[in-house]
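Me: I am new to this structure. Please take a close look at a single part, and then place it among other parts that can be described in the same terms.

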Amino acid sequence: MPNAIESVSGNGQVSTEVAEPRIVGFFCTWCTYLAADLAGTSRIKYAPNVRVIRVMCSGRIDPQFVLDAFAHGADGVLIGGCHPGDCHYQQGNYNCLRRARLLKRVLEQFGIEEERFRLEWISAAEGDRVRVVIDDMVEKLRKLGPLQLKRGPALVRGGSGEQVPQEVGV
Amino acid sequence: MTREKPKIAFYWCASCGGCEEAVVDVAEQILDVVAAADIVFWPVALDFKRSDVEQMPDGSILATFLNGAIRTSEQEEMAGLLRRKSKYLVAFGSCSHLGGIPGLANFFTRESILQAVYFDAPTTENPDRVMPGLPLNDRHGELTLPYFSDRVRSLDQVVEVDYYVPGCPPQPKIVTRAVLTLLGEHPPTKGSVLAPDEALCTECPRKDSKPDKIALKAFRRPQEIQIDETQCLLAQGLLCLGPATRAGCEARCVEGNMPCTGCCGAPGRVREQGAKALSAIASLIDSQDESEIDQILATIPDPAGTFYRYSLPASLIHNKRGV
Amino acid sequence: MKLKRVVKVEAERDPAFALWISQTVGGERIRHCLQCGLCSGSCPLSLYMDYTPRRLMHLSREGFKEEVLSSYTIWLCTSCYACMVECPKKINITQLMYALKTRAMQEHFYPKRFAIPVLAREFSRMIRGSGRITESRLVMRVFVKTAIWRLLGFSKLGLRLFRTGRMRLAREKVEKRSDIVTLLNAVDTTRKELAR
Amino acid sequence: MPDAHNPDTPPRIGVYVCHCGTNIAATIDVPALAEYAAGLPDVVVAREYKYMCSDPGQELIRQDIREHNLTRIVVASCSPLMHEPTFRGALVRAGINAFFLQMVNIREHVSWVHTNKEEATAKAKDLVRAAVRRVRLHKPLEKRRVEIKPEVLVVGGGIAGIHAALTIANSGKHVYLVERQPTIGGHMALFDKTFPTLDCAACILTPKMTAVGSHPNITLWTYAEVAAVEGYVGNYKVKVRHKPRYIVEDLCIGCQECVEACVYKEGRWADEFNLGLSKRKPIYLPFPQAVPQKVLIDPEACIEFKSHKCKKTCVEACGERKAIDFKQEASTEEIDVGSIIVSTGFKTFAAHRNACYGYGVYPNVYTSLEVERLVNASGPTSGEIVLRDGTTPKMVGIIHCVGSRDHNTNRWCSKVCCMYSLKLAHLIRERTGAEVYNFYIDMRTPGKGYEEFYDRLLDEGVHFIRGRVAEVADWPIHPSEEGKLVIRAEDTLAGFVRRIPVDMVVLSVGLEPQSDARDVRRLFNISCSEEGWFLERHPKLAPVSTFTDGVFIAGACQGPKDIPDSVAQAGAAAAEAMALADAKYVELEPYTAHVIEDACSGCKTCLTICPYTAIAFVEETKKARVNEVLCKGCGTCAATCPSGSIEQNLFEDQEIFEEVEGLLAYA
Amino acid sequence: MKYAYYPGCSLKGTGRAYEESLLAVFRALGVELEELEDWNCCGATTYISYGELQSYALAARNLSLAKQMGRDLMAPCAACYLVLNKTQHYVREYPWIGQIVDHALDAIHLPKDIGVKVRHPLDILLNDVGLEALKAKVVHPLTGLKVATYYGCQMVRPYASFDNQRNPTSMDRVLEACGATIVYYPVKTHCCGGSQKGTLPEIGLNLIRRLLTEAQRNGAEAIATVCPLCQFNLEAFQDEASTTSKFHIPVLYFTQLLALALGVRLNEAGFQRSFINIKPLLAEKEIAYA
């Protein structure tokens with residue numbers, strides 16, 4: 001990404017020069033990940049803004065992952081799962097859907113636009129749909145501009161060199 | 001040689017005062033505490049001043065129990081001062097631990113809060129449109145109010161914290177145990193939350209009534225239904241956050257026929273209570289159809305307020321965007 | 001008997017034209033053309049064409065600009081959209097016919113006094129002036145510019161139309177005529193800007 | 001030497017970036033990527049190599065593990081679904097746990113889909129950084145070993161299913177063959193001749209059908225459907241639903257005396273086997289060579305089912321055998337099998353969808369399948385090619401590519417139509433002497449003896465007009481066209497439109513996935529293409545495997561195929577199933593979930609969401625426990641557990657957090 | 001039910017009978033139509049060949065005006081229906097066209113949003129009014145009248161999502177609801193030659209002849225049309241197209257037949273503008289009329 005910034009300041013605050021949206025993708029191994037592989041073998045070209053994390057099922061995607069991505073500077077999060085009724089594990093994508101619908105409302109309350117969190121059903125055969133979805137999302141996020149979450153204060157870390165306990169978040 | 005009794009202190013920042021009450025609630029056991037330690041600073045009960053604390057040698061207080069979140073410049077200064085003076089700084093209660101109820105203010109900008117409070121609230125009468133913050137000159141010279149910062153922070157976002165005592169307010173048992181533990185010979189690992197590291201269901205009196213599978217077509221609020229006093233509240237469609245909330249309170253709310261609202265924060269393996277609670281609650285929805293799912297979810301009027309009721313400032317995204 | 005040389009040397013091809021057709025609206029898939037001839041078969045006018053639509057598609061994508069733009073085919077198209085709907089490769093043939101007509105007019109490839117380009121031009125002139133079409137006036141203008149004698153043959157029909165109230169000389173027009181001119185001018189300026 | 005398995009020793013990571021020839025290196029600056037990786041925390045060595053998956057490439061990793069005491073490996077190359085097993089093997093051979101590996105997909109997800117080298121390299125760096133952060137947390141895991149049941153289920157009794165079933169049964173293993181029609185045989189049983197040899201379809205198919213019916217190792221269930229499939233490779237539990245044929249199969253001997261005795265003296269209902277070109281009775285045998293030779297009753301047609309007032313002459317005729325049972329109900333049977341071969345076939349394009357060809361409007365417009373019946377000696381006309389009014393056609397048009405190669409219907413080439421159209425053209429010409437016109441776009445005759453067959457047709461004087469037909473209609477523009485069907489098409493080789501009047505039109509309909517392909521696919525947990533063809537695991541290297549271990553595909557359910565190809569693929573699927581059975585056990589991925597008991601509060605949320613009931617509530621401890629044998633490793637419970645007390649192997653929360661943050665931390 | 005109504009130029013000229021009958025029919029059915037204020041030419045076919053971008057801008061002006069009215073836009077003329085729909089499609093498919101159109105609208109201070117639903121009267125009759133409601137209002141059923149339904153090109157192709165593009169039946173269903181008998185008409189979506197009759201007369205005439213011949217051959221007593229140009233071509237050139245036998249077949253807008261059935265007076269449905277008197281046919285078929 002030519003326009004991406006090269007550094008992040010100490011508290012994770014992203015500099016405002018970012019022009020290109022950064023998107024974290026969570027793709028189900030059985031469908032959307034395969035579709036992305038198919039896009040590759042078919043040499044379909046699409047925007048390079050999405051970084052994909054492979055999970056076995058969209059049902060594995062914990063809302064914590066999504067929020068963690070936003071908190072660490074993602075401008076968008078894209079979840080790719082199997083079409084309704086097609087889950088390799090019967091139900092996982094429905095669980096993902098339920099969570100995503102609720103999470104969407106919470107994100108809205110956090111002031112994060114709808115376009116930034118997207119759940120798409122892309123089957124293993126829909127290589128071109130990967131392009132369509134990613135290009136469309138990138139286009140929309142370009143229009144929206146960077147998310148620029150003003151990150152809250154980081155924890156004050158102990159002088160003793162001890163790790164910050166998990167109990168209190170980041 | 002008489003060994004000097006260890007010194008302890010209590011202080012409050014942005015909080016409702018309930019935590020102070022909780023200390024008093026320790027009741028007769030407070031005597032054990034007093035017997036074991038000297039209270040050197042407790043503005044709500046004892047007449048010590050800030051200057052008294054400033055004069056103490058650094059690190060001379062064994063433990064300071066600070067409740068309340070941090071919103072103003074004064075609170076931040078006091079937190080820093082007490083940090084210097086104390087060996088252990090303990091975040092006491094939900095507000096100090098996670099930001100607490102005051103932390104919900106992070107859904108609003110500072111400006112809109114001041115606007116609401118000083119002008120728009122129906123009970124506000126402010127014909128001169130006075131706002132805090134402007135310096136006032138009188139015979140003592142220029143006076144200013146502490147600065148009201150943009151956002152609410154948990155204590156550990158301002159100073160280093162050694163321990164956390166969770167709860168809104170912390171239950172007496174936890175408080176007593178916490179104080180005595182700190183006075184004891186083997187202090188726990190730094191950073192510990194001084195409450196059991198498991199979720200509330202462990203100690204819930206209704207645990208046995210919970211069915212293996214729950215499938216809900218709607219969520220209910222307590223005032224909407226006749227609550228069965230023996231059955232699991234989630235199974236009745238009430239948004240009980242017990243499964244996602246740290247134990248230690250002995251499920252007092254559930255005992256009182258009210259669902260858990262999550263004041264003790266999440267157990268240790270969870271990064272963010274709100275997200276986890278959301279995930280668990282969503283999985284109880286009995287539908288595979290997007291629009292029906294939305295209908296069911298519409299019965300949760302304020303999801304962010306529900307899942308982040310006590311933990312917004314300490315969550316992954318600490319505040320509404322732009323705040 | 002006069003023999004005609006029909007060999008084509010590669011230099012006679014216009015690759016720029018081929019590129020243009022594949023990038024113009026509706027031509028995105030022209031390279032997919034199977035040459036199956038379904039367009040020609042479904043075309044109501046193909047039996048009058050010098051090149052069938054299929055051949056025209058191939059000539060275009062190969063860049064035989066002369067042949068394409070001077071072909072009668074593009075002027076015979078009535079835009080009935082049969083070819084486009086049927087095309088198994090979803091090539092928007094009708095749209096390409098429009099594009100070719102426009103191009104032919106820009107490059108003066110059509111015979112003089114040929115009625116169809118005249119109709120197009122008079123049509124647009126009338127819209128620029130009134131915003132709407134008055135059919136009677138349009139017909140007369142076209143006849144005057146192409147084949148005035150045919151106006152005589154038309155007179156009987158015209159009379160019937162006037163008698164039944166289906167033709168009127170009163171000019172149909174929009175109120176905000178200046179808006180129409182502004183609108184059309186804006187299109188030209190934006191297009192030029194975009195081209196740059 | 002640092003202990004790779006000791007979590008307290010700092011990890012020593014090796015990063016290997018593959019060029020994949022120029023597949024990766026053309027778009028990603030591989031040296032820069034390797035150099036970047038070398039600078040990441042805990043990375044001890046970072047190398048680039050032309051082909052990491054090659055033996056020398058793997059040897060590079062093994063050598064480094066030994067020499068540099070590496071404890072974690074990151075390979076940036078192709079999709080993990082391609083070569084993860086390869087590199088895991090390399091780790092194991094070097095003496096460390098197979099799961100200390102993380103692959104970075106910089107080919108399918110980067111170099112092949114992006115063009116800008118700078119952008120692609122930046123993306124690859126992010127992905128490598130995330131993998132390095134993640135791999136540090138990887139824990140040693142072991143694959144699970146499960147036994148494989150030797151029985152095989154074959155679904156679909158067309159030529160592919162028949163061949164697969166016989167192959168496996170002949171090897172001594174037991175096969176269940178389930179067919180939903182009342183007889184096996186599939187489409188092939190409809191044909192008279194097969195191209196290009198023109199040998200009689202029945203002569204080659206019927207012996208195989210009979211063999212299936214009598215094979216001691218085959219349990220044949222016709223008029224039955226698979227209702228549910230549970231389990232995993234080697235251990236599938238399958239529910240099969242038997243539809244009632246109202247005949248006790250064990251008692252019926254196929255004498256057909258009941259059919260003869262039926263109160264209806266003539267057939268009155270469309271005969272499915274003859275595609276409605278003839279009529280059958282309410283009680284019938286699908287066709288003379290049906291296997292099994294058992295009749296069945298159509299309850300929609302039978303009087304007894306409608307009014308209970310039938311004289312039941314059939315029962316009388318059956319007499320002592322008592323094979324007729326009007327009270328028969330559907331029943332379900334459960335079987336255990338180790339693997340499954342899906343060979344559910346295809347359906348033909350519904351010709352009326354192409355309104356321009358007048359199918360269903362003009363009676364003498366036929367589909368090719370109907371003509372197959374007309375030319376068949378055991379068909380409705382005993383092989384005589386006649387029109388609906390009984391006359392013999394003098395002019396016949398065969399329209400190719402109906403429902404094929406068309407973005408308005410089906411985009412694909414159906415592969416068999418050119419050849420079967422040639423076959424029908426030959427048969428029609430041979431038997432009627434009619435002028436036959438083939439309207440084609442491209443003649444596609446690759447295959448042994450196929451082009452030669454095309455030559456033969458050309459010799460026979462069949463017309464070939466290169467042009468896709470625009471319309472079949474009955475409006476004449478010339479006296480010669482009066483009363484005829486007129487085919488209008490451009491003769492693209494001549495360069496003008498032609499109108500050809502004919503008596504009979506044959507629509508060479510294309511092949512389509514079965515209409516319930518999507519349901520079937522869900523049943524067996526396999527994927528299908530957008531169109532509905534079942535997806536093979538790899539088009540070249542695993543053409544009969546699917547992404548579900550132990551489920552194989554054969555025949556036209558995977559894509560249009562002719563008989564030789566279907567049989568070849570059925571053989572391959574049979575071999576795969578037999579190889580699996582002979583291996584006796586299989587290793588399963590260890591991606592299962594487990595409960596961290598100390599943290600579990602027993603809230604049971606996970607019980608609600610597990611689709612496999614793999615999580616149980618243990619009364620003694622009041623906590624949840626995962627049964628790893630039942631767990632399939634989706635990880636939904638881990639995402640759902642409100643107290644974070646469930647972890648999924650290799651997809652632990654912390655591992656994913658590291659990956660997320662690694663992607664975004666622009667170093 | 002209320003719609004914005006876009007008449008287009010032809011309905012004010014040669015197609016006046018279409019407008020008159022259309023308004024009468026919808027009035028009788030209790031559907032309100034509000035004419036789009038200060039509409040302009042849709043940009044039609046011919047214009048496209050001269051400057052297609054201008055044509056989109058012209059269509060967009062109408063669409064934007066309709067959007068402001070907040071109602072679906074009814075466009076009875078086949079060519080207008082096509083151009084308005086096409087503009088919306090192209091603006092969506094080609095962002096650069098959208099940009100040009102947006103700028104043009106900007107220049108005349110109209111909102112850029114042109115996303116209104118463009119509807120054909122047949123679509124509205126079938127899907128909004130409904131055949132049952134229509135049947136209930138029929139007072140003079142067209143029993144026994146054999147009609148060839150001629151759809152022509154541009155209503156069905158390529159944008160009519162409410163009907164089958166290859167074998168449209170919407171007009172058949174509407175007229176059957178009025179009691180008419182629809183005859184087999186294999187050329188119902190063939191081209192009438194459009195403006196070719198004016199520009200290349202012989203070719204146009206051949207197409208017209210084909211359409212009339214097939215109607216006659218299949219026993220039609222009237223031809224129903226949906227397009228002013230089709231209606232004009234089929235009606236005005238019957239004498240010219242005649243060869244051995246003379247053509248004499250009424251060519252009507254489908255709305256005229258509807259008006260007849262709904263009890264609208266002949267003169268209010270534009271029958272006085274026909275070249276062929278309908279009355280003898282009605283008398284012969286014993287169809288009552290107002």
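Reply: What follows starts with one helix pair in chain D and then moves to other places in the model.

This is a predicted model, in which local features need pLDDT of at least 70 and side-chain atom pairs count only at pLDDT 80 or more, while totals for chains, interfaces and linings use all residues. Residues are numbered from 1 along each chain as its sequence is written, chains are lettered from A and ligands numbered from 1 in the order in which they are written, and side-chain values use heavy atoms, without hydrogens and water.

The part chosen is the packing of helix H6 (residues 159–170) of chain D on helix H15 (residues 563–583) of chain D. Helices (H or I, at least four residues) and strands (E, at least two) are DSSP runs numbered from the N terminus. Two packed helices are described by the angle between their axes and by the distance between the axes. For H6(D) and H15(D), the angle is about 35 degrees and the axes are 8 Å apart. Axes here are lines fitted to C-alpha atoms, for helices over the stretch in contact, and angles run from 0 to 180 degrees between N-to-C directions. The crossing of the two helices is right-handed; that is, the near helix is turned clockwise from the far one by less than a right angle, whereas anticlockwise would be left-handed.

Which residues in H6(D) and H15(D) meet? From H6(D) come Ile159(D), Ala160(D), His163(D), Ala164(D), Thr167(D) and Ile168(D). On the H15(D) side are Ile563(D), Ser566(D), Val567(D), Ala570(D), Gly571(D), Ala574(D), Ala577(D) and Met578(D). Sorted by class, the contact has ten nonpolar, four polar and no charged residues. Contact means heavy atoms within 4.5 Å. Ala, Val, Leu, Ile, Met, Phe, Trp, Tyr, Cys and Pro count as nonpolar, Asp, Glu, Lys and Arg as charged, and the others, Gly among them, as polar.

Elsewhere in chain D, Glu661(D) is found in helix H18 (residues 653–664). Glu661(D) is buried, because its relative accessible area is 10%; buried means under 20%, exposed over 50% and partly exposed in between (1.4 Å probe, protein chains only). Not counting residues up to four places away in sequence, Glu661(D) touches Asp68(A), His72(A), Arg271(B) and Arg133(D).

Some backbone values in chain D and chain B can be set against a general rule. Most residues other than glycine have a negative phi, and most peptide bonds are trans. Cys20(D) is not a glycine, yet its phi is positive, about 50 degrees. Cys20(D) sits in the loop between strand E1 (13–18) and helix H1 (30–38) of chain D, and at 11% relative accessibility it counts as buried. In chain B, Arg129(B) has a positive phi near 50 degrees. Its place is the loop between helix H6 (110–120) and strand E6 (136–138) of chain B; with 53% relative accessibility, Arg129(B) is exposed.

The peptide bond from Phe195(D) to Pro196(D) is cis, with omega near -10 degrees. Pro196(D) belongs to the loop between strand E8 (193–194) and strand E9 (199–200) of chain D. In chain B, the bond from Cys168(B) to Pro169(B) is cis, again with omega near -10 degrees, and Pro169(B) lies in the loop between strand E9 (163–165) and helix H7 (172–183) of chain B.

In chain A, Gly111(A) is in the loop between helix H3 (92–109) and strand E4 (117–121). Gly111(A) is partly exposed, with a relative accessible area of 22%. Leaving aside neighbours within four places in sequence, Gly111(A) is in contact with Lys320(B) and Arg321(B).

A helix in chain C can be described on its own. The end C-alpha atoms of helix H8 (residues 115–130) of chain C are 22 Å apart, which agrees with the 22 Å expected for its 16 residues at 1.5 Å a residue; the expected span is 1.5 Å times one less than the number of residues. Twelve of the 16 residues of H8(C) are buried, among them Ile116(C), Leu119(C), Phe123(C) and Ile127(C). Gly131(C), with a positive phi near 85 degrees, follows H8(C).

Last come some relations between whole chains. Chain B and chain C have no contact, and their closest C-alpha atoms lie 34 Å apart. Chain B does not touch chain E either, with the nearest C-alpha atoms 24 Å apart. Chain E has 13 helices and eight strands, and 68% of its 290 residues are buried.
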